[in-house]
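This report describes a ligand site and one strand residue. Please look at the model before reading on.

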Amino acid sequence: MTESKVIVIAGASSGIGEASAKLLAKNGNKLVLGARREGNLKEIVSQIQSNNGEAVYQVTDVTNNQQVESLVKLAITTFGRIDVMINSAGIMPHSLLKDKRIQDWDRMIDINIKGTLYGVGAVLPYMNKQKIGQIINISSVAGHYAHAGGAVYSATKWAVRAISESLREEVAQNGSNIRVTIVSPGAINTELLSSVTDPALKENYEQFYGNFGISADRVATTIQQAIDLPADAAWNEVIIRPTKQVQ
Ligand code: NDP
């Protein structure tokens, strides 16, 4: 039996965030869930509660710093502390640069990069005061490899890794037990492909995920394992890919 922790998940209404919320709650942790789709959040919280788990939600757009701060505050007012912040909100509208889908570029930068930064900024004052905590940022295999069509998405996921590594140094310099973990998944079957707006690229990715994609439960298990390590040790980065995925 692992120690019960207060865990906030930004991007908890589907996919990796949802699977993590359900697993972490099943294992006795207290969950605070944020995302934009209230219906999904309500349903996930009610499933957790009907399995005797503890969870609350608040509608949150991670592009709005005040809403992210308010989500984190909900953890403090409801459960008295925050032990883990999981920044999972993200979109992946792949396209070729020549097509200049500038709105998609902006949305990726706002959600994937700025959303992660706001999550980090919101929990740091509490964790610095507690001198303990864990921040888990979801990057991607695309944060290690870049391909045509994935320029901006990869750039945002590279940025998540850069932010996380800088953060790791910063909190280590303070002598705290704040752990920073980057989780970089490969092809995971979630709703992520619905954010691809280019029809040809979408078809390619649907085929790829159809052949290789694995369940979001695998990432949830990885996250639980990263949380379970004793506080004086951290998985700073883990790549979790389908075994058969080449790159
Ligand atoms: P999903 O599309 O299933 O989940 C994305 C989550 O992000 C949803 O809960 C969505 O909630 C939330 N989200 C999107 N925009 C916002 C926003 N503005 N404010 C708050 N929440 C937002 O996909 P995944 O679970 O796969 O994605 C989770 C993370 O994993 C992403 O960062 C993604 O880049 C990363 N990843 C996924 C991989 C995969 O193959 N699936 C591979 C590598 C990385 P809502 O729409 O309700 O706001």
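The sections below cover the model, the ligand and its surroundings, and Gln134.

## Basis

This is a predicted model, in which local features need pLDDT of at least 70, side-chain atom pairs count only at pLDDT 80 or more, and totals for chains, interfaces and linings use all residues. Residues are numbered from 1 along each chain as its sequence is written, and side-chain values use heavy atoms, with hydrogens and water left out.

## Shell around the ligand

The ligand is surrounded by 29 residues, of which Ser13, Arg36, Tyr153, Thr190 and Tyr209 come nearest (a residue is near if one of its heavy atoms lies within 4 Å). By type, the shell holds 13 nonpolar, 11 polar and 5 charged residues (Ala, Val, Leu, Ile, Met, Phe, Trp, Tyr, Cys and Pro are nonpolar; Asp, Glu, Lys and Arg charged; the others, Gly among them, polar).

At least two shell residues come from helix 1 (15–26), and at least two from helix 5 (151–173). Helices are DSSP runs of H or I with at least four residues, and strands are runs of E with at least two, numbered from the N terminus.

## Ligand oxygen distances

An oxygen atom of the ligand is 2.8 Å from a side-chain N or O atom of Arg37. Polar backbone atoms of Gly11 and Leu192 each lie 3.3 Å from a ligand oxygen atom.

Taken alone, the ligand exposes 870 Å², and the protein buries 96% of that (Shrake-Rupley method, 1.4 Å probe).

## Gln134

Gln134 belongs to strand 5 (residues 132–138). Gln134 counts as buried because its relative accessibility is 2%, and buried means under 20% (1.4 Å probe, protein chains only). Gln134 and Val180 are 46 residues apart in sequence, with their C-alpha atoms 5.8 Å apart in space.

How values were computed
Polar contact = N/O pair within 3.5 Å; in protein donor to acceptor, adjacent residues only side chain to side chain. Buried < 20%, exposed > 50% of the residue type's maximum accessible area, 1.4 Å probe, protein only.
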